[in-house]
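Grab a pencil and try a few short exercises on charged pairs and burial. Each task comes with a solution you can check against the viewer.

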Amino acid sequence: MFSFANPYLLYLLLLIPAVFGLYVLARIARKRNLKLYGKPSTLAPLMPDASKYTPGLKLVLSLLIIASLVIVLARPRAGAKEETSEVQGIEVMICLDVSNSMLASSTDDPKGVSRLQRAKLILEKLIDQLKNDKVGLIVFAGDAYTQLPVTADFVSAKMFLNSITTDMVPTQGTAIGAAVDMAIASFTPDEEMQKAIIIITDGENFEDDPIAAVQTAAKQGIQVDVIGLGTTKGALIPLGKNGQFMRDDNGNPVTTRLNEEMAQQMAREGNGIYVQGASSSVVKDVDEQLKTLATSNLEKVTYMASAEQFPVFGWIALVLLVIDVFVLERKFGWLKKINFFSR
């Protein structure tokens, strides 16, 4: 079976008729300009080295080079075969707080990196450590939404992670309990599968009872780990880049603080650990805690391994390019006396 890794790039082949059309227009304009100086039959002897055929030959070579390079970019593949593998791992659901308070500085420095940006950096490094595990992503503020169902596709996980903003959830607030409940429901029904929930938040919960949700998870054998972001000193919540800060109904600036006591209690009730997000060992600590869970046989991964064919077209493009270099616009010396269209 023949296929392309990037089939959408084949639309670049439309350049071929476009280039051909420009060539035709250029030749028509050339003939029109020559007629301004006299009859073509009279002017021909004045241009003995001008060839009728090499411009067309160079055009053909150029079009073939374009076609070959487009096919290289589209990455043709052939000779596909099925391969199977079995891996050992666990399932991890990540619950990421995207409430407006996550825009505040993650440190005591008002101009420090935001809590949300710090969370993304932590998760990106943590996902790299998961390797054979499966991961899912839930974002929450006043409501919780599944951003990525549990999957072994870490490339997609990072892609979704980079696109997260505080505008993703229309209802503001912090509903940690709803996020935990959704995470519990997102795992596969396999009871033997070891599962863990990682909550990344500043701990300010206003909507529900996160402790009850965590206790429910623990009863089902799900480990709950918590990463706290921000400081107990507190920080203002910036609005855009104009130096303005969020204010309450009375016009006073809103200060958001890390509720470390709440975060630690959730970790205790969930048989997991609490880690301060500012710690340099946060990824290492969480990874080691996840490794305390016994790995299980995940489903067999079946995929198609295809032999890349683009090097063939790369060589074709290179050969044509070399030929094009040696094909000049003037006549070949040994073809000057030959007229292909006369008896």
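Here are three exercises, each with a worked solution.

A quick word on the ground rules: this is a predicted model, where local features need pLDDT of at least 70, side-chain atom pairs count only at pLDDT 80 or more, and totals for chains, interfaces and linings use all residues. Residues are numbered from 1 along each chain as its sequence is written, and side-chain values use heavy atoms, with hydrogens and water left out.

**Exercise 1.** Find out what share of the 343 residues is buried.

*Solution.* Start with the cut-offs: buried is under 20% relative accessible area, exposed is over 50%, and partly exposed is in between (1.4 Å probe, protein chains only). Apply them to the protein, and 38% of its residues come out buried.

**Exercise 2.** Work out which parts the salt bridge between Lys-158 and Asp-128 ties together.

*Solution.* First, the rule: a side-chain nitrogen of Lys or Arg within 4 Å of a carboxyl oxygen of Asp or Glu. Here the closest N and O atoms are 2.4 Å apart. Next, place the residues: Lys-158 sits in helix α5 (residues 154-162) and Asp-128 in helix α4 (residues 115-130), so the bridge links parts 30 residues apart in sequence. Helices here are DSSP runs (H or I, at least four residues), numbered from the N terminus. Finally, check exposure: Lys-158 is partly exposed at 24%, and Asp-128 is partly exposed at 40%.

**Exercise 3.** Decide whether Asp-287 is buried or exposed, and do likewise for Lys-291.

*Solution.* The two side chains form a salt bridge at 3.3 Å, N to O. Asp-287 is buried at 8%, whereas Lys-291 is exposed at 61%.

Terms used
Helix = DSSP H or I, 4+ residues; strand = E, 2+ residues; numbered from the N terminus.
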